[in-house]
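Q: Please take a close look at the sheets of this model and the helices that pack on them. Then go on to the salt bridges and the surface.

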Amino acid sequence: MSAKAISEQTGKEYLYKYICTSAPVQNRFRYANVTTETDFQRLTQEHPWLLTERLVVKPDQLIKRRGKLGLVGVNLDLNGVKEWLKPRLMKETMVGKAKGILKNFLIEPFVPHKQTEEFYVCIYAAREGDYVLFHHEGGVDVGDVDAKAQKLLIGVDEKISEDQVKRELLTKAPNDKKAILASFIVGLFNLYEDLFFTYLEINPLVVTKDGVYVLDMAAKIDATADYICKSKWGDVEFPPPFGREAYPEEAYIADLDAKSGASLKLTLLNPRGRIWTMVAGGGASVVYSDTICDLGGVDELANYGEYSGAPSEQQTYDYAKTILSLMTREKHPDGKVLIIGGSIANFTNVAATFKGIVRAIRDCQGPLKEHEVTIFVRRGGPNYQEGLRVMGEVGKTTGIPIHVFGTETHMTAIVGMALGHRPIPNQPPVAAHTANFLLNSSSSTSTPTSRRKDPSENKAKVEGSPAKKVKTGASVTKASTLFTKHTKALVWGMQTRAVQGMLDFDYVCSREEPSVSALIYPFTGDHKQKFYWGHKEILIPVYKNMSDAMRKHPDVDVLISFASLRSAFESTMETMQYPQIRTIAIIAEGIPEAHTRKIIKAADEKGVTLIGPATVGGIKPGCFKIGNTGGMLDNILASKLYRSGSVAYVSRSGGMSNELNNIISRTTDGVFEGVAIGGDRYPGSVFTDHVLRYQDTPGVKMIVVLGEIGGTEEYKIGQAIKQSRITKPVVSWCIGTCATMFSSEVQFGHAGACANQASETAVAKNKALKEAGAYVPKSFDELGEIIKSVYDGLVSKGVIQPAEEVPPPTVPMDYSWARELGLIRKPASFMTSICDERGQELLYAGMPITEVFKSEIGLGGTLGLLWFQRRLPKYACQFIEMCLMVTADHGPAVSGAHNTIVCARAGKDLISSLTSGLLTIGDRFGGALDAAAKQFSHAFDSGMLPMEFVNKMKKDGKLIMGIGHRVKSINNPDMRVQILKDFVKQNFPSSQLLDYALEVEKITTSKKPNLILNVDGFIGVTFVDLLRTCGGFTRDEADEFVEIGALNGIFVLGRSMGFIGHYLDQKRLKQGLYRHPWDDISYVLPEHMSM
């Protein structure tokens, strides 16, 4: 949602802080907030004026007409305020149809004034600009200001002036107050623009001899502009409409939504209700709510919400878990139903999102069964068959009644089943598998289709009108045909999946060339990207700069923008500098409305057709599709979008446009063209732009319009029908009819889906369209029947002449998608069993990373998971960490450190220097751990006495690895060994091999004092003891780890720390290139050479 109401206190704070005007604004920041937790003693310390001035008190909870409702206490002292609050604070009150609790009040200074000093000011946004309303009489009895007030339109990108305000608005204002009013209104308008307000009303605005007083104020701001206005707005709290409580679960989902690229919405309507919904898609969520209310479920509807935009499995799990926990808090005598619905997805992997829902159902299966919950599922889109299968399986395994349906079932049919208005089929029809487009299309059921050619397609290319230099405000005629079989497009953004979908669509439509000429991606250099064209691979150029792409592809006239909401405005305005572009599709949702209106103005001046923002795009079967429109190839084929039909449609919702594709393909000969104009308040093109194009297109025989609550554009269609500007049959339905049944205002999924007046309700628009002559069903449930009835009538009249279906060419499935569907298998190139990064959370040997930290297993425990795939006991983890500490370094003289230092001083980087040191590790330096472990364990396991072992090694001429030290001796012990020995003796359950090695040490040191068990040998033998006795390994597993060299890893890992330290030390000391001194080299040359 974009326009969100803010509290009066927040609105005044912004006004007082940021307004720039010569008018003296009084009582700045003089307000106090009162709730049940208010300490009046502390409040008076913070606001001393409360004790000395007369006061006004009123609720600050988005309540309109508070004065007429008796909700304003006037001219009171502080004790009077307290008395006034007693019967009202935390008391239930009816405001219109809404029943709510008064719990937030605002106290301000009372301003004595005359009635003639009250004025009315309001600024609100419209598509064409911002309207400023002024009336010379303000206050509670102002009446119908729309009819009474003077009105001034400030067009998009236009400036307001004081002279203009005086001339247009202040004609009836007192002369002595015109200057101050003009200055204030100009300052107010500039504030409104700078802080991205969408609505700002002050009534009354009082002007006395002392200055200007803002008494009552109501305001909305464009929440999508948060990234622009955050520094001025601060952390804004958006209070819920009066009559609806703010629930923590709503805040939790809002927080998830803010952190996600997907859309997650939740509004609780009646937490005790028995009908709960979990619907995918903004438009679909409204349709399901409509149908529930139409079937009498309005009082039992518990929530409104939607998830869309390809949320991850974890995000869907969090969303579903929240709803399931809410619906299982209170029992209902009739049990409860959960409707998991949605239209046919364009790009969301249904199976992936259903995995999150299935996880949530498994976790909540106990409460769900206890509360007698029945679940109804209907979904379509990529991989939906697997999603439905998994959903059906969880029903069988948990015992929860779950009924699943696919695209063969009308979208809202499950509502009737859930509410007992229609029977539940025992065996629903099985839909075609996602992989069916691999099969020969001729085996599928053929549907009669009219095989007419669009006259525009006879030309190689339909040229748009050339760009002309026009005066500001003038507009250029836009092209009536947007897409043909020869349309070429640029794609802004590295959206490879969407581009591949477009190319597959092109191929199945038998286009001669791909529709995508190039991609624009500012974050990389120019290069080429590989895609598939049917069976073969092709390269499509990617440009860093738009100017290069336009220059090298002059035949392109469409740009599809996947730019983010932050960059979409700049990139779209840049696009319109190139006259060759005649159509721009803007996919991004959440572009600030002020930016969108500037885009619309520029497009109108240049004759560019906009589709979006907040859209999936549009499709012209057999010719061209925008991005992900129409979904994957299985849906393209199922909905027969590879060839032209007779029905053109226009919809606000992108998800519902795919549902229309499905409905139209099942009831008629198919779609001629379909456009989703987008769900924002100000879509780039409106319904009539496209309906009039369809009227003028010979190939279109009937038109379908799917409107929605909010705005008045649908009335223009009715007017055009009445004026015979539209003569083709129009089937129309506006979604959002349930809004009039709710007691409090509900903002639906789309930013524009909110009625600000009675004429904007879906009920009013459906009635007007029917009266104008459009075919309007009784509900969305009947939309398909009405479309079929009108189509059959056109066939019977001979307007449409059906022809046999022509099978499309087959397109191979991408390997990655076939693997996802489980259709193929292939031996993996690698196998791994220690780590998995593919899910929502990193796993170490199956242990989630959060659990790794919660368990506090430390570095030793982490090493145990990654090296040994075991959760090691605490003492073992500590011992590993001790080993790393004692092996970390042994001075700069050892070969590894020496090499690292020489390399660092030669100017090499850290990795090169570290590698140089590590390469010296072997049997002679540091690599004795494995060898010592093998020698000692072999001798011990074979039953050799320590003396026998020593004698055998001497006889074989082999060194005993791990015995001997250059410096340390029996008389000068190595403290590292002593520390480790003390720990082992105190904590290890057994240390047989260590005891054996210490007996060997007694023998060797008796011969020579420095033949001690050194740190390498000690770690080697004690690690064998650890592996054999910690209880986590079999004997064979323990021996295998020794054989494969795991123990040397301890020295490598530990000593790497020291080597890095030496590298950093040399760099910090800025040491120059090392050259070994001559006097430390013995030059021994052959005798004849020295002579």
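The answer below takes the sheets in turn, then the charged pairs, then a surface patch.

A: The model is a predicted one. One part of it is an open sheet of 7 strands with mixed pairing, in the order β22-β23-β21-β20-β24-β25-β26. The edges are held by β22 (527–533) and β26 (609–611); each has a single partner strand, so one side of each is left without a neighbour in the sheet. From one strand to the next, the twist averages 25°.

Within this sheet, strand β20 (residues 489–492) runs parallel to strand β24 (residues 558–561), and 4 bridges join the two. One residue pair can be named here: Leu 490 has Leu 559 of β24 as its bridge partner. Helix α15 (residues 496–508) packs on the sheet. The strands that α15 touches are β20, β21 (516–520), β22, β23 (536–543) and β24, and the direction of the helix makes about 45° with that of β22.

A second open sheet has 6 strands, again with mixed pairing, and its order is β28-β27-β30-β29-β31-β32. Its edge strands, β28 (624–625) and β32 (730–735), each pair on one side only. At the β28 end, strand β27 (residues 618–620) pairs with β28 in the antiparallel sense over 2 bridges. Lys 620 has Phe 624 in β28 as its bridge partner. Towards the other edge, helix α23 (residues 762–772) lies across β31 (702–708) and β32, and runs at about 165° to β32.

Helix α23 also takes part in a salt bridge, since Lys 765 lies in α23 and its partner Glu 714 in helix α22 (residues 713–722). The closest N and O atoms of Glu 714 and Lys 765 are 2.9 Å apart. The pair ties together parts that are 51 residues apart in sequence. Glu 714 and Lys 765 are both buried, which here means under 20% relative accessible area.

The count of salt bridges comes to 49, and two further pairs can be set beside the buried one. In helix α24 (residues 783–796), Asp 792 and Lys 788 are 4 residues apart, so about one helical turn separates them. Their side chains meet in a salt bridge with an N to O distance of 2.9 Å. Asp 792 is partly exposed, at 35% relative accessibility, and Lys 788 is partly exposed as well, at 38%.

The other pair is in helix α37, where Arg 1068 and Asp 1065 are 3 residues apart and thus separated by about one helical turn. The side chains of Arg 1068 and Asp 1065 form a salt bridge at 3.2 Å, N to O. Arg 1068 counts as exposed, at 57% relative accessibility, whereas Asp 1065 counts as partly exposed, at 25%. Elsewhere, salt bridges with shared partners join Glu 8, Lys 12, Lys 58, Arg 66, Glu 108 and Asp 216 into one network.

Helix α37 (1046–1068) is also one end of the loop that holds Ile 1081; the other end is α38 (1087–1090). Ile 1081 has a relative accessible area of 34% and is therefore partly exposed. Together with Trp 1078, Tyr 1083 and Leu 1085, Ile 1081 forms a nonpolar patch on the surface. The accessible area of these residues together is about 500 Å².

Terms used:
Residues numbered from 1 in each chain as written. Predicted model: local features only at pLDDT ≥ 70, side-chain atom pairs only at ≥ 80, totals over all residues. Heavy atoms only, no water. Pairing = 2+ DSSP bridges. Axes fitted to C-alpha atoms, helices over the stretch in contact; angles between N-to-C directions. Contact = heavy atoms within 4.5 Å. Patch = residues over 30% accessible without salt bridge, like charges linked within 9 Å, V, L, I, M, F, W, Y side chains within 5 Å. Areas by Shrake-Rupley, 256 points an atom, 1.4 Å probe, with all protein chains shown as cover. Salt bridge = Lys/Arg side-chain N within 4 Å of Asp/Glu carboxyl O. Buried < 20%, exposed > 50% of the residue type's maximum accessible area, 1.4 Å probe, protein only.
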